[in-house]
Amino acid sequence: MRTNYELSDKMTELLNSYNRNSNAFQELIGEGGYMPPNQELLIDAISALSMGKNILLKGPTGAGKTKFAETLSMLFQQPMFSVNCSVDLDAESLLGFKTLANKDDQQVIEFVSGPVINAMQHGTFLYIDEINMAKPETLPLINGVLDYRRTITNPFTNELVSANKGFNVIAAINEGYVGTVPLNEALKNRFVVIEIPYIEGEQLKQLIQENTQLNDEHTIDLFVTLSADLIQAVVQGKIAEDAASIRALLDACDLSVLIPAERAIQRAIVDKLEEDREREFVLNLAATLF
Ligand SMILES: Nc1ncnc2c1ncn2[C@@H]1O[C@H](COP(=O)(O)OP(=O)(O)OP(=O)(O)O)[C@@H](O)[C@H]1O
């Protein structure tokens with residue numbers, strides 16, 4: 001495989017174990033904490049990053065996109081600088097800013113690098129979360145960083161910065177979420193897209209067992225069923241996407257250890273919904289299960 005930088009020993013071990021279909025592959029992924037819904041998703045993300053391509057993790061809220069990025073950063077043994085996008089994101093929060101500093105009793109102007117420049121210079125991963133929350137005019141600033149050039153002329157210092165070996169970009173997008181804007185085509189074009197769906201069934205059961213304090217198997221099974229029903233209701237347009245978030249489900253599982261499950265669901269899932277009919281729908285669902 002042609003790579004833009006040498007794979008770490010751990011990566012080589014990982015790909016070898018995958019090729020041999022060994023359990024070591026599962027164990028290595030397990031260490032990072034992300035539970036992939038299928039192996040293709042994992043292999044495709046690892047392959048793209050190994051070849052120096054940017055990946056765009058696309059999926060609903062609380063589907064594990066950030067967890068996946070952290071797991072990839074662990075697998076590649078690459079620290080990760082992060083940018084959280086919002087409408088306020090500007091060149092300074094991406095690239096850095098100038099400030100006054102004291103050097104040898106003299107005041108000098110220093111440039112403090114932001115996450116993009118830091119990740120490029122250190123040759124590490126850069127995670128851009130909620131990439132479609134940024135104003136459309138902001139991110140094109142880093143188009144050159146994201147394509148074959150892997151460079152940027154820092155507008156604050158006028159220096160040309162080139163990415164060091166190992167620099168890679170992982171972005172996350174939650175399409176259709178309130179406040180998001182469609183991703184600019186030129187920007188989207190610079191990524192390989194990896195869809196991140198919610199995990200379900202046995203995998204979700206295992207995630208609940210490993211990540212919450214709930215250990216009653218029957219109750220866990222009910223939460224797994226609740227999750228499947230919520231996902232279906234989202235697909236049918238009956239409730240907002242947030243209702244099916246695995247993050248919220250894990251909170252409900254935890255709370256149900258100390259308070260009744262229905263109330264746990266109300267606090268963790270129902271009360272975040274905007275409309276009465278959505279809240280009623282989920283409450284009814286919970287009442288039929290618990
Ligand atoms: N497949 C999964 N494997 C491991 N953890 C998961 C998975 N899906 C969800 N989670 C858990 O759900 C919670 C939310 O995950 P995370 O923050 O990564 O989601 P996200 O997709 O980045 O959400 P958002 O779009 O809201 O930022 C975390 O506690 C995470 O561990």
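Start by colouring the protein by its two parts: domain 1 (9-87 + 119-195) and domain 2 (201-289). These bounds come from an automatic or database domain assignment. Select the contact between them, where domain 1 gives seven residues and domain 2 gives ten; two residues are in contact if their C-beta atoms, placed from the backbone, lie within 7 Å. On the side of domain 1 that touches domain 2, four residues are nonpolar, three are polar and none is charged. Here Ala, Val, Leu, Ile, Met, Phe, Trp, Tyr, Cys and Pro count as nonpolar, Asp, Glu, Lys and Arg as charged, and the others, Gly among them, as polar.

The model is predicted: local features need pLDDT of at least 70, side-chain atom pairs count only at pLDDT 80 or more, and totals for chains, interfaces and linings use all residues. Residues are numbered from 1 along each chain as its sequence is written.

**The ligand**

Next, select the ligand and the 18 residues that surround it. A residue belongs here if its C-beta atom, placed from the backbone, lies within 6 Å of the molecule. The closest are G64, K65, T66, K67 and I246. Two elements give two or more residues to this shell, helix 4 (65-75) and helix 11 (246-255). Helices are DSSP runs (H or I, at least four residues), numbered from the N terminus. Both domain 1 and domain 2 supply at least three residues to the shell. By type, the shell has eight nonpolar, seven polar and three charged residues.

**Helix 11 and helix 12**

Stay on helix 11 and add helix 12 (residues 261-268): the two pack at an angle of about 145°, with their axes 8 Å apart. Axes are lines fitted to C-alpha atoms, for helices over the stretch in contact, and angles run from 0 to 180 degrees between N-to-C directions. Show A248, D251, A252 and L255 of helix 11, which touch A264, I265, R267 and A268 of helix 12. Six of these contact residues are nonpolar, none is polar and two are charged.

**Helix 9 and helix 10**

Now select helix 9 (residues 201-211) with helix 10, which pack at an angle of about 125° with axes 9 Å apart. Helix 9 is therefore oblique to helix 10; angles under 35 degrees count as roughly parallel, over 145 as roughly antiparallel, 65 to 115 as roughly perpendicular and the rest as oblique. From helix 9, G201, L204, K205, I208 and Q209 meet I220, F223, V224 and S227 of helix 10. This contact has five nonpolar, three polar and one charged residue.

**Helix 10 and helix 13**

Keep helix 10 (residues 217-235) and add helix 13 (residues 276-289); their angle is about 150° and their axes are 10 Å apart. The pair is therefore roughly antiparallel. Show L222, T225, L226, D229 and A233 in helix 10, which meet F281, L285, A286 and L289 in helix 13. Seven residues of this contact are nonpolar, one is polar and one is charged.
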